[in-house]
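Work through the exercises below with the sequence and the structure side by side, and try each task before reading its solution.

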Amino acid sequence: MPLKNPYAKIQVLLRGADMEKEISFGNFRYAYSRSEDPLRQDFARHMHNLYEIVFIVDGNHEYVVDNKKFIFKPFDLLIVPPKRFHFVNILPHSPYERHVLNFNEDDLPQYLLDKIFNKSKQYCLTEDNQVSRIFGTFFNYSDRFQPQER
């Protein structure tokens with residue numbers, strides 16, 4: 001039986017084989033998205049005041065952060081600090097599946113922010129990794145809550 005959480009905002013969208021899922025708790029946001037044929041206009045250049053971690057599950061795409069290009073393949077992880085313009089350049093005929101975490105600087109100790117999150121970084125991980133399991137936990141956890149009635 002799903003739990004009710006008055007503080008969680010939950011949204012799930014299904015369109016054919018495509019899926020979007022989002023959970024928000026204050027400044028913390030988890031999102032999952034899968035698209036077999038993503039549209040370029042869905043990934044416009046933007047910035048926000050939160051840190052962002054992007055974990056690629058499927059697809060080969062190019063991320064651009066402050067005019068620096070990162071070529072991504074499955075199991076790559078990108079860290080984007082706040083107030084950095086970024087977007088994804090969707091390559092033709094490639095699916096796009098990812099997990100995203102957004103959070104405020106107040107959510108982590110300063111030494112982690114200074115050491116890990118101070119600039120855009122790409123990490124190439126293997127298929128069997130702890131990060132995949134953590135994002136899978138977020139994905140499964142979202143199924144435990146009912147969306148708030150509006």
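**Exercise 1: Two loop residues**

Lys83 is exposed, with a relative accessible area of 56%, where exposed means over 50%, buried means under 20% and partly exposed lies in between, using a 1.4 Å probe and protein chains only. This is a predicted model, in which local features need pLDDT of at least 70, side-chain atom pairs count only at pLDDT 80 or more, and totals for chains, interfaces and linings use all residues. Residues are numbered from 1 along each chain as its sequence is written, and side-chain values use heavy atoms, with hydrogens and water left out.

Task: Find where Lys83 lies, and decide whether Phe75 counts as buried or exposed.

Solution: Begin with Lys83, which is found in the loop between E8 and E9; strands such as these are DSSP runs (E, at least two residues), numbered from the N terminus. The phi of Lys83 is near 60°, a positive value in a residue other than glycine. Next, turn to Phe75 in the loop between E7 and strand E8 (76–80), where phi is near 75° and again positive in a residue other than glycine. Most residues other than glycine have a negative phi. Finally, Phe75 has 19% relative accessibility and therefore counts as buried.

**Exercise 2: An open sheet**

Task: Determine which strands stand at the edges of the sheet, and why one side of each is left without a neighbour.

Solution: First write down the order of the three strands in this open sheet, E7-E6-E9, with antiparallel pairing; two strands pair if DSSP finds at least two bridges between them. Strand E7 (68–72) and strand E9 (86–89) each have a single partner strand, so they stand at the edges and one side of each has no neighbour in the sheet. Then look at strand E6 (residues 61–65), which pairs with E7 in the antiparallel sense over five bridges, and note that Val64 has Lys69 in E7 as its bridge partner.

**Exercise 3: Surroundings of Ser33**

Task: Which residues is Ser33 in contact with, leaving aside its neighbours within four places in sequence?

Solution: Start by placing Ser33 in strand E4 (residues 28–35), where its relative accessibility of 11% means that Ser33 counts as buried. Apply the contact rule, heavy atoms within 4.5 Å, and the list becomes Met19, Glu20, Tyr96, Glu97 and Arg98. As a last step, take Glu97 from that list: although Ser33 and Glu97 are 64 residues apart along the chain, their C-alpha atoms are separated by 5.5 Å.

Notes:
Helices (H or I, at least four residues) and strands (E, at least two) are DSSP runs, numbered from the N terminus.
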